[in-house]
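Please work through the exercises below with the sequence and the structure open beside you. Try each task before you read its solution.

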Amino acid sequence: MSQYDDIEEGDLPEHRRSPPPIDFSKVDASKPEELLKMSKKGKTLMVFATVAGEPTEKETEEVTSLWQSSLFNANFDIQRFVVGSNRVIFMLRDGSFAWEVKDFLVAQERCAEVTVEGQVFPGKVAKKDDSAKAKQQNEVNTKKKGKKKSEGKKPDLDGNRASKDKVEL
């Protein structure tokens with residue numbers, strides 16, 4: 001007989017509770033996120049978020065406090081712990097809501113990235129930076145290609161009839 005035998009299931013520590021059964025008939029095999037949601041139901045889960053830019057710890061505190069308030073107002077039981085000048089942990093009592101929280105966080109202006117279960121999701125700022133970098137890279141490539149074309153195109157004075165340029169002799 002252990003010390004947990006006379007304690008009700010709901011009062012047991014999380015690691016001692018039996019996991020809720022997963023109904024695989026309701027799981028869509030094409031959406032692995034659904035299986036993760038179901039497997040994390042009722043379990044505590046941590047979501048890591050990074051604030052964009054070079055914020056001070058106080059700025060991170062203020063920004064993430066707003067995020068936490070918004071999530072709390074949407075009925076998410078969530079706790080927040082600032083762990084660095086730009087890093088925060090959101091702890092959820094029910095891990096099945098982690099992906100909704102992730103969707104909210106990556107849509108925020110100051111969010112650089114969100115990590116759930118080891119998967120990193122770029123935030124709104126990171127997506128802008130990536131598209132700006134890609135655009136800048138495309139401009140550089142276009143300029144390089146343009147130079148190559150203009151350098152390679154010299155008038156052919158030996159009678160190239162396909163050329164539109166007429167050369168008077």
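The exercises go from the overall fold to the sheet, and then to the salt bridges.

This is a predicted model, in which local features need pLDDT of at least 70 and side-chain atom pairs count only at pLDDT 80 or more, while totals for chains, interfaces and linings use all residues. Residues are numbered from 1 along each chain as its sequence is written, and side-chain values use heavy atoms, with hydrogens and water left out.

**Exercise 1. The elements**

Find how many helices and strands the protein has, and write down their order from the N terminus.

Solution. Begin with the rule: helices (H or I, at least four residues) and strands (E, at least two) are DSSP runs, numbered from the N terminus. By this rule the protein has four helices and five strands. Read from the N terminus on, the elements follow the order α-β-α-β-β-α-β-β-α.

**Exercise 2. The sheet**

State the order in which the five strands lie in the sheet, and explain which strands stand at its edges.

Solution. Two strands pair if DSSP finds at least two bridges between them. Applied here, this gives an open sheet with the order E2-E3-E1-E4-E5 and antiparallel pairing. Strand E2 (78-82) and strand E5 (119-122) are at the edges, because each has a single partner strand and so one side of each is left without a neighbour in the sheet. From one strand to the next the twist averages 25°. As a closer look at one pair, E2 and strand E3 (residues 87-92) run antiparallel and are joined by five bridges; Arg-80 has Phe-90 in E3 as its bridge partner.

**Exercise 3. Helices across the sheet**

Determine which strands helix H2 and helix H3 lie across, and at what angles they run.

Solution. Axes are lines fitted to C-alpha atoms, for helices over the stretch in contact (heavy atoms within 4.5 Å), and angles run from 0 to 180 degrees between N-to-C directions. Helix H2 (residues 57-73) lies across strand E1 (45-51), E2, E3 and strand E4 (111-116), and runs at about 175° to E2. Helix H3 (residues 98-106) lies across E1, E2, E3, E4 and E5, and runs at about 170° to E4.

**Exercise 4. Salt bridges**

Count the salt bridges, and decide for each partner whether the residue is buried, partly exposed or exposed.

Solution. Side chains of opposite charge can pair when their charged atoms come close. A salt bridge here is a side-chain nitrogen of Lys or Arg within 4 Å of a carboxyl oxygen of Asp or Glu, and the count comes to three. For the second part, buried means under 20% relative accessible area, exposed over 50%, and partly exposed in between (1.4 Å probe, protein chains only).

- Glu-61 pairs with Arg-80, their closest N and O atoms being 3.1 Å apart. This pair links distant parts of the chain, since Glu-61 is in helix H2 and Arg-80 in strand E2, 19 residues apart. Glu-61 is partly exposed because its relative accessibility is 38%, whereas Arg-80, at 19%, is buried.
- Lys-102 pairs with Asp-103, with 2.8 Å between the closest N and O atoms. Lys-102 has a relative accessibility of 9%, so Lys-102 counts as buried, while Asp-103, at 41%, is partly exposed.
- Glu-109 pairs with Lys-124 at 3.0 Å, N to O. Glu-109 lies in the loop between H3 and E4 and Lys-124 in helix H4 (residues 124-152), 15 residues apart. Glu-109 has a relative accessible area of 46% and is partly exposed, and Lys-124, at 31%, is partly exposed.
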